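Student: Could you take a close look at one part of this structure with me? I'd like to see how it's put together and how it fits in with the rest.

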Amino acid sequence: MANAIGIIAPAGHYMRVEGLQDFRPISAFSFLGRYRIVDFPVSNLSNSDIERVQLYVNNENPRSLAEHVGNGRIYNINSKRGLLQLMFSHESTLSDIYNTDVKAYFDNLPSFERCHEKYVIITPGYMVFKQDYDKLLNEHISSGADITLLYHKVNNADTSYRNCYTLELNRQKGFKSMRINTGTIADRNIFMDTYVMHKDLFIELIKKARKLSAISRLTNVIHAEAENLDIRGIQHKGYFAAITDFRAFYEANMELLNLDKAESLFSNDWPIYTHTTDSCPVQYTASASVKKTMVANGCVIEGNVENSVIGRGVEIKKGAIVRNCIIMGHSTIEEGVRIENMVVDKWAKITEKQNLICPENQPGYIRRMDII
């Protein structure tokens with residue numbers, strides 16, 4: 001078992017996925033029809049033999065997240081040795097700017113002071129990627145660094161990854177600076193909000209951050225203390241998505257319909273755990289036509305579906321045409337409907353012969369439980 005406690009951090013208040021976030025936090029979003037985004041960081045930690053995990057939750061409708069993760073058994077976390085805890089903060093009602101990651105950690109500082117693990121690994125609950133944290137921890141220890149930061153090199157930071165931080169490193173991959181991506185340069189090192197450090201240093205930084213400012217984030221205090229610390233970056237390889245806005249959510253689902261990209265995220269030796277259901281396999285009728293689509297179990301497909309993600313228990317009736325869409329669980333697309341470039345939230349119903357077509361670069365959204 002790795003000698004580290006895993007922390008899954010919530011998305012910052014400056015990140016907003018319009019529509020979907022009205023009903024649940026980003027970490028509870030449905031992804032690829034059968035997963036939740038939180039499944040990826042928790043599975044990464046579990047596969048890395050990190051069995052003590054703290055999942056930080058803000059107060060934006062946390063019920064669905066709590067129901068999904070339960071006590072952690074679905075993630076193969078040993079209930080005797082390990083523990084998955086949902087951690088809450090005393091959120092300020094004055095303004096969201098006070099509800100930072102530092103405040104959440106400070107409010108729960110006794111839990112860190114009591115735990116016997118030597119190191120802390122912090123990973124975000126709003127990013128999708130695969131990472132062996134045991135390997136990352138060993139690289140951190142071998143390097144002798146005070147803090148290790150994980151980053152991903154991209155060539156489209158001018159159009160994507162808004163509200164993510166970028167890292168500037170020297171030739172030895174030592175830390176120089178960290179700042180919010182403003183979209184002015186395409187080639188960037190995107191910080192994956194993943195830190196590795198000694199637990200004692202983590203506690204010390206949280207206390208310093210609270211003295212630095214009432215709205216300090218962990219990134220702020222690390223930047224302030226950079227001259228006194230040995231901070232290094234390690235490059236991540238493989239699939240990476242940051243769910244920081246509605247378009248990023250849509251594009252992350254769509255691009256994983258590409259088999260090569262999907263294989264860079266999923267592998268037999270690195271399972272992504274999630275809730276399973278006892279629903280029946282997908283039923284395809286004689287009138288159905290399905291191309292380049294992920295379809296979860298429990299669906300009934302009678303219509304035409306192309307380049308889409310279909311969640312559990314969805315019904316697509318005869319004569320319906322669904323293209324470039326994300327249809328979330330238990331929604332219904334009635335006969336004769338044509339829908340393209342849309343995200344349909346759970347339990348929604350699109351009635352007969354509706355035409356709902358949005359531009360490819362501006363996908364639309366239908367609210368949870370709405371009837372259109």
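Tutor: Let's go for the open sheet of five strands, keeping in mind that this is a predicted model. Its strands run in the order β16-β19-β22-β25-β28, and their pairing is parallel. Now, what do β16 and β28 have in common? Both stand at the edges: β16 (294–295) and β28 (364–366) each have a single partner strand, so one side of each is left without a neighbour in the sheet. For β16, the parallel pairing with β19 (residues 309–310) rests on two bridges. If you want a spot to click on, try Met294, whose bridge partner in β19 is Val309.

Next, see what the sheet has to do with helix α8 (residues 246–255). Seven of this helix's ten residues are buried, so α8 is largely enclosed by the rest of the structure. The buried ones are Phe246, Ala248, Phe249, Tyr250, Ala252, Asn253 and Met254. And what covers them? Among the covering elements are four strands you've already met in the sheet order, β19, β22 (326–327), β25 and β28, and the cover also includes β2 and β13 (240–242). Have a peek at the start of α8 too: there, a side-chain oxygen of Asp245 comes to within 3.4 Å of the backbone nitrogen of Arg247.

Now zoom out a bit. The protein is split into domain 1 (4–265) and domain 2 (283–366), with 32 Å between their centres, taken over C-alpha atoms. Where they touch, 17 residues of domain 1 are in contact with 23 residues of domain 2. Together they bury about 1,600 Å², and carbon and sulfur atoms give 69% of that area. On the domain 1 side, Phe246, Tyr250 and Leu257 lose the most area to domain 2, together 36% of what that side buries. Two of those names should ring a bell, as Phe246 and Tyr250 are also among the buried residues of α8. In fact, α8 gives the most to the side of domain 1 that touches domain 2, with six residues. As for links across this interface, there are two residue pairs in polar contact and one salt bridge.

Speaking of salt bridges, side chains of opposite charge can pair when their charged atoms come close. The whole structure has 19 salt bridges. One of them is between Arg24 and Asp345, with their closest N and O atoms 2.8 Å apart. Arg24 sits in the loop between β1 (4–9) and β2 (30–31), while Asp345 is in the loop between β25 (342–344) and β26 (349–350), so this pair ties together parts that are 321 residues apart in sequence. Are these two buried or exposed? Arg24 and Asp345 are both buried.

Compare that with Glu113 and Lys207, whose side chains meet in a salt bridge at 3.8 Å, N to O. This pair also links distant parts of the chain, since Glu113 belongs to helix α4 (residues 109–114) and Lys207 to helix α6 (residues 199–212), 94 residues apart. Here, though, Glu113 is partly exposed at 44% relative accessibility, and Lys207 is partly exposed at 39%. Asp230 and Arg232 form another salt bridge, at 2.7 Å from N to O. Asp230 is partly exposed at 26%, and so is Arg232 at 30%. Last stop: Glu306, Arg323, Arg338 and Glu340 are joined into one network by salt bridges that share partners.

Key: Residues are numbered from 1 along each chain as its sequence is written. This is a predicted model: local features need pLDDT of at least 70, side-chain atom pairs count only at pLDDT 80 or more; totals for chains, interfaces and linings use all residues. Side-chain values use heavy atoms; hydrogens and water are left out. Two strands pair if DSSP finds at least two bridges between them. A salt bridge is a side-chain nitrogen of Lys or Arg within 4 Å of a carboxyl oxygen of Asp or Glu. Buried means under 20% relative accessible area, exposed over 50%, partly exposed in between (1.4 Å probe, protein chains only). Contact means heavy atoms within 4.5 Å. A polar contact is a pair of N or O atoms within 3.5 Å; within protein, one must be able to donate a hydrogen and the other to accept it, and residues adjacent in sequence count only if both atoms are side-chain atoms. Domain bounds come from an automatic or database domain assignment. Buried area is the accessible area (1.4 Å probe) that two parts lose on being put together, summed over both.
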